[in-house]
Amino acid sequence: MLRKIIVTSVAIVAFIAAGFLIPETFTCPVKGADRRSYHPRSFWYHPWGRSGTHKGVDIFAKEGTEVRSSTGGLVVFSGTNEMGGNVVLILGPKWKLHYYAHLKEIKTGFLSWTSPKDNIGSVGTTGNAKGRPPHLHYSLVTLVPYPWRADQTQQGWKKMFYLDPISYLRAAGY
């Protein structure tokens with residue numbers, strides 16, 4: 001029994017460590033987008049509609065423009081929800097969740113493996129983006145919280161889970 005617990009514990013630790021050891025590459029999720037395609041201070045902007053605070057970046061493009069996986073990973077959700085419309089959620093390296101929302105169409109499925117730049121859908125206006133200019137809402141959420149980021153601002157405790165996607169875009173030259 002003790003041996004089984006030790007083996008299971010070692011396997012769990014190895015699995016968690018592997019998530020941190022996988023190299024993380026990043027590319028802009030909207031084909032052809034550049035720094036003019038998004039507002040540089042839209043992350044954690046308040047007030048922002050029903051959600052209170054904008055927890056991502058909106059990358060504007062022509063409807064139907066290809067949306068690509070910004071990193072390699074496992075598709076853990078592919079479907080619809082009320083606010084995001086057609087959405088894809090990918091678990092990537094470093095235990096980060098990459099959330100792609102308002103897609104016109106989805107071109108990947110649950111438990112599919114993606115590589116950076118794989119086509120996963122197209123820019124649209126689904127969910128609460130209906131009637132607005134076509135765009136991709138892109139968020140980055142970490143499963144390993146950063147408690148020092150939980151300041152006293154609106155919804156501050158949530159901020160320890162959300163990463164600024166604009167800093168990733170800038171670092172990658174977008």
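Helices (at least four residues) and strands (at least two) are runs assigned by DSSP and numbered from the N terminus. With that in hand, here's the layout of this predicted model: starting at the N terminus, the elements go α-β-β-β-β-β-β-β-β-β-β-β-α. That makes 2 helices and 11 strands. Let's walk through what sits where.

**The big picture**

- The protein has 174 residues, and 41% of them count as buried.
- If you take the contacts between residues at least 6 apart in sequence, 63% of them join residues at least 24 apart.
- The surface that the protein exposes comes to about 9,500 Å², and carbon and sulfur atoms supply 62% of that area.

**The nonpolar core**

- The largest nonpolar core has 24 residues, and the members that touch the most other members are Ile59, Tyr100 and Leu169.
- Several elements each supply at least two residues of this core: strand 3 (57-60), strand 6 (85-92), strand 7, strand 9 (119-123), strand 10 (135-142) and helix 2 (165-171).
- Strand 10 gives the most to this core, with 3 residues.

**Salt bridges**

- Some background first: side chains of opposite charge can pair when their charged atoms come close.
- In this model the count is 3 salt bridges.
- One of them brings together the side chains of Glu24 and Lys96, at 3.0 Å from N to O. This pair links distant parts of the chain, 72 residues apart: Glu24 lies in the loop between helix 1 (2-21) and strand 1 (45-48), and Lys96 lies in strand 7 (residues 96-106).
- The two partners don't sit in equal surroundings: Glu24 is partly exposed at 30% relative accessible area, whereas Lys96 is buried at 6%.
- Asp34 and Arg36 also meet through their side chains in a salt bridge, at 2.5 Å from N to O. Here Asp34 is partly exposed, with a relative accessible area of 25%, while Arg36 is exposed, at 74%.
- Glu105 and Lys107 make a salt bridge too, with 3.7 Å from N to O. Lys107 counts as partly exposed at 47% relative accessibility, and Glu105 counts as partly exposed at 36%.

**Two residues of strand 7**

- Lys96, which you just met in a salt bridge with Glu24, has its place in strand 7.
- Is Lys96 buried or exposed? Lys96 counts as buried because its relative accessible area is 6%, and buried means under 20%.
- Skip the neighbours within four places in sequence, and Lys96 is in contact with Glu24, Ile90, Leu91, Leu140, Val141, Thr142, Leu163 and Tyr168.
- Ile106 has its place in strand 7 as well.
- Ile106 is partly exposed, with a relative accessible area of 27%.
- How many residues apart along the chain are Ile106 and Gly79? They are 27 residues apart, and their C-alpha atoms are separated by 7.8 Å.
- Gly79 also turns up among the contacts of Ile106. Again leaving aside neighbours within four places in sequence, the other contacts of Ile106 are Ser78, Asn86, Val87, Val88, Ile120 and Gly121.

**A nonpolar patch on the surface**

- Which residues make a nonpolar surface patch of about 560 Å²? The patch is made by Met1, Leu2, Ile5, Ile6 and Val10.
- Met1 belongs to the segment before helix 1.
- Met1 is exposed, at 77% relative accessible area.

**Two positive phi angles**

- A quick reminder: most residues other than glycine have a negative phi.
- Lys94 is not a glycine, yet its phi is positive, about 65°.
- Lys94 sits in the loop between strand 6 and strand 7, where it is partly exposed with a relative accessible area of 24%.
- Trp95 is another residue other than glycine with a positive phi, near 60°.
- Trp95 is found in the loop between strand 6 and strand 7.
- Trp95 counts as buried, at 15% relative accessibility.

Definitions and conventions: Residues numbered from 1 in each chain as written. Predicted model: local features only at pLDDT ≥ 70, side-chain atom pairs only at ≥ 80, totals over all residues. Heavy atoms only, no water. Buried < 20%, exposed > 50% of the residue type's maximum accessible area, 1.4 Å probe, protein only. Contact = heavy atoms within 4.5 Å. Areas by Shrake-Rupley, 256 points an atom, 1.4 Å probe, with all protein chains shown as cover. Salt bridge = Lys/Arg side-chain N within 4 Å of Asp/Glu carboxyl O. Core = buried A, V, L, I, M, F, W, Y, C linked by side-chain atoms within 4.5 Å. Patch = residues over 30% accessible without salt bridge, like charges linked within 9 Å, V, L, I, M, F, W, Y side chains within 5 Å.
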